[in-house]
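Please open the model in a viewer and keep the sequence panel visible. The tour below proceeds by selection, and each stop describes what is found there.

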Amino acid sequence: MDLITPGFGLVFWTAITFLCLLFILRKFAWKPILGAVEDREEGIKKALASAENARKEMENLHADNERILNEARAEREALLKEARDIKTKMIADAKDEAQSQANKIIEQAQAAIESEKKAAMSELKNHVATLSLEIAEKVVREELSNKDKQIQLVESMLGEAILN
Amino acid sequence: MTLNTFKSAILSALFLATSLSGFANENSDTQEDKEFNAKDMIMHHVKDAHEFHIITLHEGKENQKDISIPLPIILWTDNGLVTFMSSEFHHDDTGHTIVEKNGMKFVKSHEKIYQLNAGEDAVEFDAEHHPTNAVTPLDFSITRNVFMMWVSILVLLLIFIGTARRYRKSEDNVPTGIAGFIEPLVVFVRDEIAKPMIGEKKYRRYMPYLLTVFFFIWINNIFGLIPILNGANLSGNIAFTMTLALFTFIITTFSGNKNYWKHIFWMPGVPVPMKIFLMPIELIGIFTKPISLMIRLFANITAGHIIILALMSLIFIFKTVAVAPVSVAFSLFIGIIEIVVTAIQAYIFTVLSALYFGMATEEEHH
């Protein structure tokens, strides 16, 4: 029966010893150990979270780069297009200008030709008139008898000259 | 005494297997005067003692020598505190050697100390083994179990304060040295015992108790298996398990919340006659839980010791060395199982304590 009868002394010492052990270990062992373990777990969690954040940031950065690159590409395209347009426009303008200039010159030339022609014509007319007068003088001088007939002739000749 | 021979025999069998025939001869020499009593020997081993006996040399001869560590005996008598060393009994456990202190006479019989009444010089017992001419003073002695308990807490303190120091030294809380071995155990108690049984929110409060009780039981289970310390069967002593179960009971009762007491006295969700019927059952349950803790640990550890010792006793019961290989093989087999049991019983005690705390602090969820 001794085996299953708790001895008072052992109960007493066990209780005291266990309580002391509990308090000492709680203060000097469990607190530091559990604290360290929890700190480390917290640290790992934080490290993982920050790694995830960094990954996301990298992704964002990458997306940003891509976007900026695309923008730059589009801008270049636009610039090139603009330049091409300007070029075409300039060429077209130059062409127009040249055309109009040419036209002008041609017109001027034509006008000059016309005026030259007129002047030449009038000069020719005068010349012809002088010539005709001279001729008439000669005719008059040579053929004084047939005066009427000669005048008639001169006039008709003149008229022909004008018509020419 | 035969049982002392037996002890030397166990030591020889376990450590010096080659000299099996040697101790058997020694045994047969002394076997003639006294019959070997397996029950007495086993009971002597699993129970507490007032001295730490290691070995007896020259058993039964004139130059017989007992090697043992004397332990202090502390008694609370009617005349106050009496202390003396156990060596004053000269290894006598039969009640013949009388130690006189402060005018009081003490004898030790079957590891119990009796204070003889005035004028008596030998203790006498009645049929129920109650002393007729002596009283039993309150015995606060540092018995071998108490002694081993202190050795065990010394080891525990060395291990765990050493572990804690490892963390304090390192900057990044990386476990090195002994901490690498201890940390998984601590994390196991936290993640496999405390968290699932008590719950994520409240487990923190109970961690120191659970950790302490787990390692305290485990290390004492292991110490009980070490052959030369085999005399100390602390975790197989009902006083020890009762004290620890009592702590679990006190903590459970004091952490019980409204929901816990409601489940005991007025079970929700059942009809009123059932509530009345369940109340006494639940009320008894409060006490059966720690009692089951107490008996489970005590019975498992003591049973393990008894089996090993009984297997060893076969050699002396059959009085032949031929049984020795069988005995040694079987007790080795049981010994290996017992090593597993040391951890399992510590785990079960802790897990059930945690479960009771969890039940006491559970929030209403119906």
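Select B:Val99 and then B:Phe106, which stands opposite B:Val99 and belongs to strand E6 of chain B. Helices (H or I, at least four residues) and strands (E, at least two) are DSSP runs, numbered from the N terminus. The model is predicted, and local features need pLDDT of at least 70, side-chain atom pairs count only at pLDDT 80 or more, while totals for chains, interfaces and linings use all residues. Residues are numbered from 1 along each chain as its sequence is written, and chains are lettered from A and ligands numbered from 1 in the order in which they are written.

**The four-strand sheet**

Extend the selection to E5(B) and E6(B), residues 104-109, which run antiparallel and are joined by 3 bridges. Two strands count as paired if DSSP finds at least two bridges between them. Another pair to display is B:Lys101 with its bridge partner B:Met104 in E6(B). Between these strands lies a hairpin connection of 2 residues, where B:Asn102 takes a positive phi near 50°.

Next, add strand E7 (residues 112-116) of chain B, which is antiparallel to E6(B) and joined to E6(B) by 5 bridges. Here B:Lys105 stands opposite B:Leu116 in E7(B). E6(B) and E7(B) also form a hairpin with 2 residues between them, and B:His110 in the turn has a positive phi of about 50°.

Now view the whole arrangement: 4 strands of chain B form an open sheet in the order E5-E6-E7-E8, with antiparallel pairing. Strand E5 (99-101) and strand E8 (134-135) of chain B stand at the edges with a single partner strand each, so one side of each is left without a neighbour in the sheet.

**The three-strand sheet**

Which strands form the open sheet of 3 strands in chain B? The order is E4-E3-E9, and the pairing is antiparallel. Strand E4 (80-85) and strand E9 (138-139) of chain B are the edge strands, each pairing on one side only. Select strand E3 (residues 72-77) of chain B together with E4(B): 6 bridges join these antiparallel strands. Within this pair, B:Ile74 has B:Thr83 in E4(B) as its bridge partner.

**Helix H9 and its neighbours**

Select residues 272-318 of chain B, which make up helix H9. This helix of 47 residues reaches 64 Å from its first C-alpha to its last, close to the 69 Å expected at 1.5 Å a residue; the expected span is 1.5 Å times one less than the number of residues. Zoom in on B:Ile286, where H9(B) has a kink of about 30°, shortly before the proline B:Pro290. The bend at a residue is the angle between axes fitted to the seven residues ending there and the seven starting there. Just after H9(B), B:Lys319 takes a positive phi of about 55°.

Add helix H8 (residues 258-265) of chain B, which packs against H9(B) at an angle of about 125°, with the axes 7 Å apart. Axes are lines fitted to C-alpha atoms, for helices over the stretch in contact, and angles run from 0 to 180 degrees between N-to-C directions. H8(B) and H9(B) are therefore oblique to each other; angles under 35 degrees count as roughly parallel, over 145 as roughly antiparallel, 65 to 115 as roughly perpendicular and the rest as oblique.

Finally, show helix H10 (residues 324-361) of chain B, whose axis comes within 9 Å of that of H9(B) and crosses at roughly 175°. That makes H9(B) roughly antiparallel to H10(B).
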